[in-house]
Amino acid sequence: MSTAVPSRALGRSGLSVSALGLGCMGLSDFYGAPPDHAAGVATLHRAIDLGVTFLDTADAYGPHTNERLVGDAVRGRRDRVVVATKFGFRRQPDGTPIGISGRPEYVREACDASLQRLGVDAIDLYYQHRVDPATPIEETVGAMADLVQAGKVRYLGLSEAAPATLRRAMAVHPIAALQTEYSLWSRDPEVDLLATCAELGIGFVAYSPLGRGFLTGRYRSIDDLAAGDWRRTNPRFQGVNFQKNLDVVDKVGELARAKGCTPAQLALAWLLAQPAGVVPIPGSTRAERIAENVAALDVTLSAADLSALEALAPQVAGTRYMDGGMKLVNG
């Protein structure tokens, strides 16, 4: 691992990753037209060279194309990279959602397919993307544990799981990491998730640490998003909510200017300063943005800085997802 990015342990699991990871979803899906395959591989190579060696993908991204992209990027660099992928969101080849599954037979099928697409012998960190309400977590994690026993997976994770679910899962097999949305404008994990993870020795991976890009200050209107961008349907990017959230973004920008850094760097530095040892995984399709994010590791925040940033949370307008999506979080 490059010395540009230090490592962080994920709880007490024994797995260490780069303190800043990379969410790879946007290189294939959801945020408008993605870059072509060669450009995506080049971006991932640049991230690895910068020391961002914790790469997060999922079979649902594309669907399936993002795992192939990551697989091509890590070929020849496998010993430098921690590859995390996820199962559970089922989609048709055209992207149409067809439900959530945590059934044991599906867990095994999904893992074998991910291994083939990634072109690796074992997945470093394998998450359940969302908890399946129709399948007891004990059955799902039991099947995931079998994958560890078979040498197909090294460590297990859950995404958007509630504290009670984490406890039930841990009774079956150690959980290395919980991945949940966490940022200056998504503070839900502070209620009880972070404390539960600390108690159980589970690492915390923060996805969308830049508020799906909103906290960077680059979006001033819904028209700044491409026609096919998923964020156009997100409540926080809608109408009055958008305008209210611009006020939060402007305050982050003011604080960033005072610190001599960018708003993205300030938002990431806030997460990196949290006592839970959080590992943010910001996404980007551009190598220069990844370099900008890495520089957040050099931003030091005072108690006054932290206090000013934390005061912004109550001002955020809108839920994280539309109603259907909200039913799948904290499962």
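A crossover counts as right-handed if, with the strands pointing away from the viewer, the path from the first strand over the helix to the second runs clockwise. The model treated here is predicted, so that local features need pLDDT of at least 70 and side-chain atom pairs count only at pLDDT 80 or more, while totals for chains, interfaces and linings use all residues. Residues are numbered from 1 along each chain as its sequence is written, and side-chain values use heavy atoms, with hydrogens and water left out.

**Exercise 1.** Determine how strand E9 is paired and which β-α-β units contain E9.

*Solution.* Begin with the elements, which are DSSP runs numbered from the N terminus (helices: H or I, at least four residues; strands: E, at least two). Strands pair if DSSP finds at least two bridges between them. Strand E8 (residues 123-128) runs parallel to E9 and is joined to E9 by five bridges, with Val 153 in E9 as the bridge partner of Ile 123. Next, E9 pairs with strand E10 (residues 177-181), also in the parallel sense, over three bridges, and here Ser 159 has Gln 179 in E10 as its bridge partner. Now add the helices: E8, helix H4 (residues 137-149) and E9 make a right-handed β-α-β unit, and E9, helix H5 (residues 163-170) and E10 make a right-handed one as well. Finally, consider burial (under 20% relative accessible area; exposed is over 50%, partly exposed in between; 1.4 Å probe, protein chains only): six of the seven residues of E9 (residues 153-159) are buried.

**Exercise 2.** Establish to what extent helix H2 is enclosed, and by which elements.

*Solution.* Seven of the 10 residues of H2 (residues 65-74) are buried, so the helix is largely enclosed by the rest of the structure. Those buried are Asn 66, Glu 67, Leu 69, Val 70, Gly 71, Ala 73 and Val 74. Their cover, judged by contact (heavy atoms within 4.5 Å), includes helix H1 (37-50), strand E4 (54-56), strand E5 (82-87) and helix H3 (104-118).

**Exercise 3.** Compare the settings of the salt bridges Asp 56–Lys 86 and Arg 103–Glu 105.

*Solution.* A salt bridge requires a side-chain nitrogen of Lys or Arg within 4 Å of a carboxyl oxygen of Asp or Glu. Asp 56 and Lys 86 meet at 2.6 Å, N to O. Asp 56 lies in strand E4 and Lys 86 in strand E5, so this pair ties together parts that are 30 residues apart in sequence; both residues are buried. For Arg 103 and Glu 105, the closest N and O atoms are 2.5 Å apart, but Arg 103 is partly exposed at 33% relative accessibility, as is Glu 105 at 41%.
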